[in-house]
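Student: Could you take me through one part of this model up close, the side-chain network and whatever sits around that region? I'd like one connected answer rather than a list.

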Amino acid sequence: GYIASTIGRFIDTYNVENVVLRNIVIDAMDVDSDGADVVHFAHSKYIFIEGCEIKNKKGNYDGDAIDLDDVQYFVIRNNFIHDIDGKGIHPSNADSPPYYGSCYGIIANNMLLNVNRVGQRHVISIGGDPNLPGATPPENIIVVGNYVENSPGTGIYVTGNYIVVANNIVINTDTGINIGTFGSIAVKGIV
């Protein structure tokens with residue numbers, strides 16, 4: 001399928017379970033949609049995004065291609081994300097109460113090109129705001145086999161508990177991989 005629009009978020013869901021997005025092209029058509037994520041799930045479970053293309057998102061650094069706020073059990077794999085001004089893939093703690101972190105996820109074999117074009121954030125960003133009341137960090141997430149190229153920001157940023165980063169390729173970014181300040185993180189085989 002193909003989705004194109006000239007307004008804000010394309011997929012914006014709260015409190016859903018068992019969602020599969022597969023082989024969809026989402027074209028944001030260079031709409032300047034500050035702060036609006038292209039695909040956004042919050043307080044949800046069992047989210048599966050595979051084989052999709054997400055492209056052409058303009059706006060400030062706060063709008064992401066894929067934003068997961070307090071999502072449990074997710075898989076994001078084999079996607080092509082390109083020409084995005086904000087973050088590419090961002091599992092984090094929720095923006096609204098309860099402020100729980102996303103957990104039990106796999107981010108694998110995605111290609112991210114020309115993401116974070118404004119350079120103030122990260123292409124793959126696992127983290128959140130630890131200062132929110134009762135906030136918990138993301139945890140139990142595997143980031144493996146992803147390809148990140150051409151970003152003026154950080155290729156992969158990780159903060160949380162029990163995060164594994166392995167066998168990713170990060171090329172032509174200001175910072176390849178940035179490990180945050182708390183949690184238990186394992187890093188292996190990074191180019």
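Tutor: Arg22, Glu50 and Arg77 are joined in a network of salt bridges, a salt bridge being a side-chain nitrogen of Lys or Arg within 4 Å of a carboxyl oxygen of Asp or Glu. Before going on, keep in mind that this is a predicted model, where local features need pLDDT of at least 70, side-chain atom pairs count only at pLDDT 80 or more, and totals for chains, interfaces and linings use all residues. Residues are numbered from 1 along each chain as its sequence is written, and side-chain values use heavy atoms, with hydrogens and water left out.

Now the network, one link at a time. Arg22 makes a salt bridge with Glu50, with 3.1 Å between the closest N and O atoms. Arg22 belongs to strand S3 (residues 17-22) and Glu50 to strand S5 (residues 39-50), so this pair ties together parts that are 28 residues apart in sequence. Strands here are DSSP runs (E, at least two residues), numbered from the N terminus. On the other arm, Arg77 and Glu50 meet through their side chains in a salt bridge of 3.0 Å, N to O. That link also joins distant parts of the chain, with Arg77 in strand S7 (residues 66-77) and Glu50 in strand S5, 27 residues apart.

How exposed are the three? Glu50 is buried, at a relative accessible area of 16%, while Arg22 counts as partly exposed at 43% and Arg77 is partly exposed at 32%. The cut-offs are under 20% relative accessible area for buried, over 50% for exposed, and partly exposed in between (1.4 Å probe, protein chains only).

A search of the whole structure turns up three salt bridges, and Lys87 with Asp64 is one of them, at 4.0 Å, N to O. Here again distant parts of the chain are linked: Lys87 sits in the loop between strand S8 (80-84) and strand S9 (89-92), Asp64 in the loop between strand S6 (53-57) and S7, 23 residues apart. Lys87 and Asp64 are both buried.

Strands S5 and S7 come up again with the tyrosines. The whole-structure search finds two aromatic pairs. In one, Tyr46 and Tyr73 are stacked, at 5.0 Å centre to centre and 10° between the planes; Tyr46 is in strand S5 and Tyr73 in strand S7, 27 residues apart. Tyr73 also stacks with Tyr104, at 5.1 Å centre to centre and 15° between the planes, and that pair bridges strand S7 and strand S10, 31 residues apart. For the record, rings of Phe, Tyr and Trp (its six-membered ring) pair if their centres lie within 6.5 Å, with planes under 30 degrees apart counting as stacked, over 60 as edge-to-face and the rest as tilted. Ring pairs thus make a cluster of Tyr46, Tyr73 and Tyr104. Strand S10, where Tyr104 is found, covers residues 103-108.

Those three tyrosines also form a nonpolar patch on the surface, with about 300 Å² of accessible area together. A patch takes residues with over 30% relative accessible area and no salt bridge, joining like charges within 9 Å and nonpolar side chains (Val, Leu, Ile, Met, Phe, Trp, Tyr) within 5 Å; the areas come from the Shrake-Rupley method with a 1.4 Å probe, and for residues only the protein chains shown count as cover. Tyr46 is partly exposed at 39%, Tyr73 at 36% and Tyr104 at 38%.

Then there's the inside. In soluble globular proteins, nonpolar side chains tend to be buried together. The largest nonpolar core here has 37 residues, of which Leu21, Val39, Phe41, Ile54, Ile66 and Ile81 touch the most other members. By nonpolar core I mean a set of buried Ala, Val, Leu, Ile, Met, Phe, Trp, Tyr and Cys residues joined through side-chain atoms within 4.5 Å. S7 gives this core its largest share, five residues. Take Val39: beyond its neighbours within four places in sequence, its contacts (heavy atoms within 4.5 Å) are Ile11, Leu21, Ile26, Ile49, Ile54, Asp64, Ala65, Ile66 and Asp67. Asp64, in that list, is the partner of Lys87 in the salt bridge above.

Methods: Helix = DSSP H or I, 4+ residues; strand = E, 2+ residues; numbered from the N terminus.
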